[in-house]
Amino acid sequence: MVPFDLVFLRGITNFRFFKLFLGLSLNSFFNFALLKEIVRKLNIVHMELLEKIRDNAIRLQNHIVLPEGSEIRTLWATAQILKEKIAKITLLGNRELIEAAAHKEGLNISDASIVDPTTDSNRQKYAEMMVEIRKSKGLTIEKAFDQLNDPLCFGVMMIKAGDADGEVAGAINATGDVLRPAFQFVKTLPGVSVVSGCFFMIFKDKNIGDNGMLVFADCAVMPDPDSLQLAEIAVTTAASAKSIAGIEPRVAMLSFSTKGSAQHELVDKVREATKIAAKMNPNLLIDGEMQLDAALVPEVGQLKSPGSKVAGKANVLIFPGLESGNIGYKLVQRLAGAEAVGPVLQGMAAPINDLSRGCSVSDIVNMVAITSNQAGKKK
Ligand code: ACO
């Protein structure tokens, strides 16, 4: 039996981390205020808080769809979620396959709904909705029916139609495959054009960043942002740093150049993004373009960018593109031993959360509880 023991949370000892944990894949968390309020009001030690999140999920009884219905960790998580009554669960996939897999594992998933996207009676309704949303993109009813065979698309349409409150996927699917249907049919929050993913990097050395924390973005979503998109990533990440981690953001726009030390169109992009972000949020402490050492090391910052309010003391690092962001966070995680909490998805209009393919059963259970909290109370 795999216990619901929240393994990866056991070593966590500080309150801030819990605020971070709450922020996992928050999708800009339209309901984050609720969890923040819980954090503020409860002011209790972390395990109790996590229990409160689970309790809140139990109280909410939200309906979470798991598109990877026959995947073994997902089935273990489902059995646990149902036993603990953390959420109502719909598993997507072929009923016989799912039930056979659960039986083989000795799992009781009898309280889960099982929906086969290829035969379900809602296909017509969802297909019509899909065409309505994307007819300008040339989506025909035939293509919509075809797309609905993909559980990742079907799950998103359940949420769009109000037939489920949230989705958790990614145990066996790549991030892009989880995100694409969400972008196409659920889309972004009003006023947000770009979904991005930030990581809260937590160091044992409290001298690094803000009391041992740096926020990195975009590390998960947008391969090659233009200057406007990069500016939006900077502004939304600063907001996440503040609302989730409670830190006053000092944002460094990273490049291979500091204040004109190199000339290249890639440098121009970062410089332009810095200007746009400063206009978007005039109160934001942001500076760039700058190299990583100028951003983090006070002496280097002073030397390369004298008088900067960010250089040498940045706590939010905005990478110029996904290559550097994704490689960068993994380097710091693997070589510096930092804990990487995320990706926190910023900007999505509904709670659709992406798992790592290396996720544990506990990760799935926790993510379902968080997703339920994100979805909040039904109106
Ligand atoms: N925010 C909001 N909407 C977006 C975004 C975004 N960041 N990116 C794409 N879209 C929208 C597009 O506007 C488009 O909408 P439309 O069809 O209504 O016009 C739709 O999504 C599809 O856009 P495409 O560019 O055709 O999407 P594509 O499928 O090519 O790529 C995707 C989007 C999936 C996010 C892609 O950029 C991707 O794969 N990114 C990398 C994800 C990844 O692998 N990350 C690393 C692993 S995660 C980790 O290590 C933690």
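This is a guided tour of a predicted model, one selection at a time.

Residues are numbered from 1 along each chain as its sequence is written. Because the model is predicted, local features need pLDDT of at least 70 and side-chain atom pairs count only at pLDDT 80 or more, while totals for chains, interfaces and linings use all residues.

**Stop 1: the ligand**

Select the ligand and the 18 residues around it. A residue counts as near if its C-beta atom, placed from the backbone, lies within 6 Å. Thr175, Gly176, Phe183, Val195 and Ala220 come nearest. Now colour helix H9, residues 175-186. H9 gives the most to the shell, with 6 residues. Helices are DSSP runs of H or I with at least four residues, strands are runs of E with at least two, and both are numbered from the N terminus.

Colour by class next. The shell has 11 nonpolar, 5 polar and 2 charged residues. Here Ala, Val, Leu, Ile, Met, Phe, Trp, Tyr, Cys and Pro count as nonpolar, Asp, Glu, Lys and Arg as charged, and the others, Gly among them, as polar.

Then colour by domain, with bounds from an automatic or database assignment. Domain 1 (7-189 + 351-375) and domain 2 (196-342) both give residues to the shell, so the ligand lies between them.

**Stop 2: H8 against H9**

Stay on H9 and add helix H8, residues 151-160. Their axes come within 9 Å and cross at roughly 35°. Axes are lines fitted to C-alpha atoms over the stretch in contact, and angles run from 0 to 180 degrees between N-to-C directions. From H8, show Leu152, Cys153, Val156, Met157, Ile159 and Lys160. From H9, show Asp177, Val178, Pro181, Ala182, Phe185 and Val186. Contact means C-beta atoms, placed from the backbone, within 7 Å. This contact has 10 nonpolar, no polar and 2 charged residues.

**Stop 3: H4 against H15**

Select helices H4 (72-84) and H15 (361-375). They pack at about 55°, axes 8 Å apart. That makes H4 oblique to H15, where under 35 degrees is roughly parallel, over 145 roughly antiparallel, 65 to 115 roughly perpendicular and the rest oblique. Contact residues include Trp76 and Ile81 of H4 and Ile364 and Val368 of H15.

**Stop 4: backbone oddities**

Most residues other than glycine have a negative phi, and most peptide bonds are trans. Go to Ala217 and Asp218: the bond is cis, omega near -20°. Asp218 sits in the loop between strand S6 (213-217) and helix H10 (227-245). Gly288 and Glu289 are also joined by a cis bond, omega about -5°. Glu289 lies in strand S8, residues 285-290. Finish at Gln61, a non-glycine with a positive phi of about 50°.

Notes. Contact = placed C-beta atoms within 7 Å.
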